[in-house]
Amino acid sequence: MIEIAYLKTPLGTAKLTGDQEGLTSFTILETAESVTTVIPEILEDATYQIQEYFDGVRKNFSLKIHPQGTDFQKKIWKLIQEVPYGKTVSYMDVAKQWGDTKIIRAAASANGKNPLWIIIPCHRIIGSDGSLTGYAGGLWRKKWLLEHESPVKQQSLF
């Protein structure tokens, strides 16, 4: 049975879905939803860890995940999970890690279909030229996430 919870985050209302197999999706919605007041038991740990991430105290997730996708997509998502907090790699780097630079477009497509935003850190994948290319949640969210994870915090002079 799929359970659903809605959380308030700095990026908007998040929707979490999961079942006994693990967390199946985590996305930020473009619309406002009422925040879930009683979190389903199977989503409690995910909710707690996501809140810790946004509070700046969690850098790695230790969640049971169960994203739906093709075998290729799941393998790419596994590679993306290896990108450390506060770091970025290019789509070409992912293709090279796979062992075949010709899959760069397929790797980018798989990254774009990631149903577990932030948990599988697709926001850490950037263009070879350092540009913030493509993010299903919008480039402003990708920029926010990368700044949130940056070891060097921009400070105001005034």
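In this predicted model, strand E2 spans residues 12-19, and 6 of its 8 residues are buried. Buried here means under 20% relative accessible area. Strand E2 is therefore largely enclosed by the rest of the structure.

Strand E2 pairs with two other strands. Strand E1 covers residues 3-9 and runs antiparallel to E2. The two are joined by 7 bridges. Within this pairing, Leu 16 of E2 stands opposite Ala 5. E1 and E2 form a hairpin, with 2 residues between them.

The pairing with strand E3, residues 22-28, is also antiparallel. Here E2 and E3 share 6 bridges. Thr 17 has Ser 25 of E3 as its bridge partner. Again a hairpin makes the link, and 2 residues join E2 to E3.

The strands also contribute to a nonpolar core. The largest such core holds 36 residues. Leu 16, Leu 23, Phe 26, Phe 54 and Ile 76 touch the most other members. At least two residues of this core come from each of E1, E2 and E3. The same holds for helices H1 (44-54), H2 (71-80), H3 (91-98) and H4 (104-112). In soluble globular proteins, nonpolar side chains tend to be buried together.

Phe 26 illustrates these contacts. Residues up to four places away in sequence are not counted here. Phe 26 touches Ala 14, Lys 15 and Leu 16. Phe 26 also touches Ile 50 and Phe 54. Its other contacts are Pro 115, Leu 116, Trp 117, Ile 118 and Ile 119. Two of these partners, Leu 16 and Phe 54, are also among the core residues that touch the most other members.

Technical notes. Residues numbered from 1 in each chain as written. Predicted model: local features only at pLDDT ≥ 70, side-chain atom pairs only at ≥ 80, totals over all residues. Heavy atoms only, no water. Buried < 20%, exposed > 50% of the residue type's maximum accessible area, 1.4 Å probe, protein only. Helix = DSSP H or I, 4+ residues; strand = E, 2+ residues; numbered from the N terminus. Pairing = 2+ DSSP bridges. Core = buried A, V, L, I, M, F, W, Y, C linked by side-chain atoms within 4.5 Å. Contact = heavy atoms within 4.5 Å.
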